[in-house]
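The following questions and answers introduce a protein model to a reader who has not met it before. Please look at the sequence and the structure first.

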Amino acid sequence: MTGLFDGTFARGGVAATVSDEAWLRALLEVEAALARAAARTGLVATTAADAVTRACADPAALDLATVVARAADAGNPVPPLVRVLQDAVGPRDAAAVHVGATSQDVLDTALVLLARRALAVVDADLAAAAELAARLAREHRDDPVMGRTLLQQALPTTVGLKAAGWLGGLDGVRVRLAEVVAALPVQYGGAVGTLAASRGSGVDLRAALAEELGLAVTAAPWHTVRLPIADLGGVLGAAAGVLATVAVDVVLLAQTEVGEAAEVAPGRGGSSAMAHKNNPVAAISARACARRAPGLVATLLAAMEQEHERAAGAWHSEWPTLTALLGTVGSAASWLAESLAVLRIDTPRMAATVAGAGNAGPARALTDAVPAPAGADVGEAGAQVDAVLTEHRRLTEGTPDD
């Protein structure tokens with residue numbers, strides 16, 4: 001049974017990438033890669049590593065219910081998972097399970113893998129939203145709309161420039177996401193980071209493990225230096241901010257008193273009590289999902305203070321927090337793409353608002369510096385739209401210099 005609010009807060013494809021099943025698959029993937037890396041460095045037999053890989057590839061054959069049941073008593077799910085894997089491969093090959101590792105090595109690396117998969121889905125939804133914003137920017141390059149500052153009518157701008165602003169934010173977040181993903185590191189240090197249990201092959205094993213999983217390598221473990229997690233939190237928080245900014249623009253433009261835009265989606269947006277309403281549900285939901293992100297980011301940053309070689313509690317708090325952050329930002333991105341796909345711009349209504357702005361008596365009475373909007377002077381709006389679209393094409397299509 002799905003949750004009552006999953007339709008809103010577990011939107012799109014990201015939910016499947018951060019599920020309990022996805023977590024278990026990531027943990028098993030790390031254990032399998034670790035066994036193969038140990039075989040490559042001569043610490044275990046290749047046949048034993050193959051046995052571990054086969055066991056990890058068939059979760060249905062493993063007693064994962066025991067892993068879940070005993071995870072709390074162990075403090076994390078890795079100790080019971082190791083025992084289940086050792087039972088699965090038998091005494092002859094059990095030494096190839098969890099070679100030289102500590103629980104945090106496996107959990108941190110699994111979290112990195114989980115984040116990388118989730119971010120690929122988030123990025124796809126961000127890319128979809130960016131393409132829709134680019135279309136709006138092109139189609140409405142020169143269509144005037146009243147600019148608002150401090151929620152008051154200000155001077156005319158264009159729909160194209162507003163959409164180009166959305167596009168610039170979405171593209172900017174995608175660039176930052178790619179940088180963070182490319183730098184995601186493997187974790188392998190053993191009990192206290194000395195690699196003592198790796199019998200002199202720990203550095204080579206760490207490099208082999210990173211290669212197996214396609215992750216970056218650090219010179220030392222980052223057990224209590226949580227910069228990779230902070231980087232993930234920061235870029236996801238930034239993404240949430242960009243998504244929320246676009247969403248709230250749509251919500252405000254769709255207000256009845258403004259009426260300059262609307263989501264047009266059959267079967268969506270109605271009210272249980274007021275039949276005349278057409279609520280911008282997708283934009284509202286994107287904003288709701290994005291609103292959850294800052295608190296989750298704050299929890300991750302607060303958890304950066306970690307003691308000695310292994311944190312007592314702060315590290316543990318990261319697992320559900322980053323999982324939830326990935327889920328809520330991914331849901332926001334999915335909702336925003338839906339919103340922009342069905343967004344309809346009322347250009348005549350916008351033009352009428354611009355034309356009538358010169359009659360705004362109270363603002364005019366305060367200062368003579370407010371010009372009448374005759375001719376809707378929008379300055380260099382069009383040129384800036386063109387520049388943003390050119391940069392967008394460079395990012396999405398590449399250039400010979402890339």
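Q: Is Glu 257 buried or exposed?
A: Burial is judged by relative accessible area, with a 1.4 Å probe and protein chains only: buried means under 20%, exposed over 50%, and partly exposed in between. Glu 257 has a relative accessibility of 69%. By that value, Glu 257 counts as exposed.

Q: Where in the secondary structure is Glu 257 found?
A: Helices (H or I, at least four residues) and strands (E, at least two) are DSSP runs, numbered from the N terminus. Helix α10 covers 227–253 and strand β3 covers 261–263. Glu 257 is found in the loop between α10 and β3.

Q: How many Å apart in space are Glu 257 and Ala 115, C-alpha to C-alpha?
A: In sequence, Glu 257 and Ala 115 are 142 residues apart. In space, their C-alpha atoms are separated by 42 Å.

Q: What is the mean pLDDT of the protein?
A: This is a predicted model, in which local features need pLDDT of at least 70 and side-chain atom pairs count only at pLDDT 80 or more, while totals for chains, interfaces and linings use all residues. Residues are numbered from 1 along each chain as its sequence is written, and side-chain values use heavy atoms, with hydrogens and water left out. The predictor's confidence in each residue, from 0 to 100, is the pLDDT. A value of 70 or more is reached by 92% of the residues, and the mean is 93.

Q: Over which residues does pLDDT stay under 50?
A: A contact means heavy atoms within 4.5 Å. For the stretch in question, the model has nine contacts beyond four places in sequence. The stretch with pLDDT under 50 is residues 361–374.

Q: What percentage of the residues in the protein is buried?
A: The secondary structure comes to 16 helices and four strands, and the C-alpha atoms fill a box of roughly 85 × 55 × 35 Å along the principal axes. The protein has 402 residues. Of these, the buried share is 48%.

Q: What is the distance between the end C-alpha atoms of helix α7?
A: Helix α7 runs over residues 103–139, which is 37 residues. The expected span of a helix is 1.5 Å times one less than its number of residues, so α7 should span 54 Å. The model agrees, with its end C-alpha atoms apart by 54 Å.

Q: How many of the 37 residues of α7 are buried?
A: Helix α7 is largely enclosed by the rest of the structure. This follows because the number of its buried residues is 26.

Q: What kind of pair do the rings of Trp 315 and Trp 319 form?
A: Rings of Phe, Tyr and Trp (its six-membered ring) pair if their centres lie within 6.5 Å; planes under 30 degrees apart count as stacked, over 60 as edge-to-face and the rest as tilted. By this rule the count comes to one aromatic pair. The rings of Trp 315 and Trp 319 have centres 5.0 Å apart and planes at 85°, so the pair is edge-to-face.

Q: In which helix do Trp 315 and Trp 319 lie?
A: Both Trp 315 and Trp 319 are buried. They are four residues apart, about one turn of the helix. That helix, covering residues 314–341, is α13.

Q: Which residues does Gly 330 touch, not counting residues up to four places away in sequence?
A: Gly 330 is found in helix α13 and is buried, with a relative accessible area of 0%. Its C-alpha atom is 7.8 Å from that of Leu 119, although the two are 211 residues apart in sequence. The residues that Gly 330 touches are Arg 11, Val 14, Val 122 and Asp 125.

Q: How many disulfides does a search of the whole structure find?
A: A disulfide is a pair of cysteine sulfur atoms within 2.5 Å. Cys 56 is buried, with a relative accessible area of 7%, and Cys 289 is buried at 0%. Across the whole structure, the number of disulfides found is zero.
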